[in-house]
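Open your viewer and get ready to click along. Each stop on this tour tells you what to select and what you will find there.

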Amino acid sequence: MPDGAPVSGGGTPGSILLAGAGKMGGAMLKAWLDRGLGGSGLTVIEPQPSPEIAMLAQTGAFALNAPCAPPEVLVLAIKPQSLDEAGALAPLAAAGTLVISILAGKTLGDIAARFPQARAILRAMPNLPAAVGRGITGVAGNDAVTPAQRDRAEALLSAIGRVEWLPDERLIDAVTAVSGSGPAYVFYLAECLASAGAGLGLPPEVAARLARATIEGAGELLYRSPELTPADLRESVTSRGGTTAAALEVLMAADGLAPLVARAVAAAKRRADELAG
């Protein structure tokens, strides 16, 4: 679905309750409002709303901390450690409510135990670029999720970027390790590139700008070239015997970047497993 396109058709969610409007919940809320999902059908529960969220509520874009009946969709965007204290939310998940959890480390079983009336439950793992509508979310659900509920979830989650449906909840931890934590890896690459440039004599502020713009531009090329693989793009800027080839010889060595990234992602996956219990 194109960025900014209105949500319409059979996948349009009905009543929505968003529990938690922090960094990720707030990003989802703003994306929904941009797509016309506000109004009387949208309620937000956030005990400590940011000034921006409070101001949006005053416009009537959604109801803030108002009593509501069980919604068609309940999105859990509270802090994972707050799940055990979320008993007041349990009556808001009726048998027909689709519960979508973005709580890291909390399994479908964890959610089902806290919301015993709910049948259909989805576990989703978005990432930070959701804040600019360029995120990607991995989603897995239980067997009770109907095709119509899947469509509703797609409509909500695609508002913040792409959606990848997973055949097994156990793959969520791998998604966490690759795309959930992945933006931090890219930011660190920008740091390292800037530091290397400064080490070659560039003024640090110039090196930082060069590194930042390079990461931004390369990411945009990836985004605008879906028909090309990353390897295709890499090869297109690599001349035999040139400077890029010299650098890639180091990065692509047996002890170079690939095994380092593999170890880093594996470490993130292990930690995700530990947090999930």
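We begin with the whole chain and then visit single places in turn.

**Stop 1: the whole chain**

Keep in mind that you are looking at a predicted model. Show the protein chain as a cartoon and you can trace 10 helices and 8 strands. If you rotate the view along the principal axes, the C-alpha atoms fill a box of roughly 65 × 40 × 35 Å.

Now switch to a surface view. The protein chain exposes about 15300 Å², and carbon and sulfur atoms supply 59% of that area. Of the 277 residues, 35% are buried. Among contacts with a separation of 6 or more, 62% join residues 24 or more positions apart. Try colouring by charge, too: the 22 positive and 26 negative charges have mean positions 1 Å apart.

**Stop 2: helix α5**

Select residues 172-180, which make up helix α5. Which residues of this helix are buried? They are Ile172, Asp173, Val175, Thr176, Ala177 and Ser179. To see what lies over them, add β6 (120-125), β7 (135-141), α6 (182-199) and α10 to your selection; these are included in the cover of the buried residues of α5.

**Stop 3: threonine 137**

One of the covering elements, strand β7, holds our next residue, threonine 137. Is threonine 137 buried or exposed? It counts as buried because its relative accessibility is 2%, below the 20% cut-off for that label. Leaving out residues up to four places away in sequence, display what threonine 137 touches: Ala124, Met125, Pro126, Leu157, Ile160, Arg162, Val163 and Glu164.

**Stop 4: alanine 118**

Move to the loop between α3 (108-114) and β6, where you will find alanine 118. With a relative accessibility of 10%, alanine 118 counts as buried as well. Use the distance tool on the C-alpha atoms of alanine 118 and alanine 95: they are 23 residues apart along the chain, and their separation is 4.7 Å. Beyond residues up to four places away in sequence, alanine 118 touches Ala93, Ala94, Thr97 and Val99.

**Stop 5: asparagine 65**

Next, select asparagine 65, in the loop between β3 (63-64) and β4 (73-76). Its relative accessible area is 40%, so asparagine 65 is partly exposed. Which residues does asparagine 65 touch, not counting those up to four places away in sequence? Show Val44, Ile45, Glu46 and Pro47 to see them.

Look at the backbone here as well. Most residues other than glycine have a negative phi. Asparagine 65, however, has a positive phi, near 55°. Before you leave, draw a line from the C-alpha atom of asparagine 65 to that of leucine 193: the two residues are 128 residues apart along the chain, and the line spans 45 Å.

**Stop 6: a nonpolar patch**

For the last stop, return to the surface view and colour Leu251, Met252, Leu257, Leu260 and Val261. Together they form a nonpolar patch on the surface with about 440 Å² of accessible area. Which helix gives the most to the patch? Helix α10 (residues 257-276) does, with 3 residues.

Finish by zooming in on valine 261, which sits in helix α10. Valine 261 is partly exposed because its relative accessible area is 40%, which lies between the 20% and 50% cut-offs.

How values were computed. Residues numbered from 1 in each chain as written. Predicted model: local features only at pLDDT ≥ 70, side-chain atom pairs only at ≥ 80, totals over all residues. Heavy atoms only, no water. Patch = residues over 30% accessible without salt bridge, like charges linked within 9 Å, V, L, I, M, F, W, Y side chains within 5 Å. Areas by Shrake-Rupley, 256 points an atom, 1.4 Å probe, with all protein chains shown as cover. Salt bridge = Lys/Arg side-chain N within 4 Å of Asp/Glu carboxyl O. Helix = DSSP H or I, 4+ residues; strand = E, 2+ residues; numbered from the N terminus. Buried < 20%, exposed > 50% of the residue type's maximum accessible area, 1.4 Å probe, protein only. Contact = heavy atoms within 4.5 Å. Lys, Arg positive; Asp, Glu negative; His and termini not counted. Charge placed at Lys NZ, Arg CZ, Asp CG, Glu CD.
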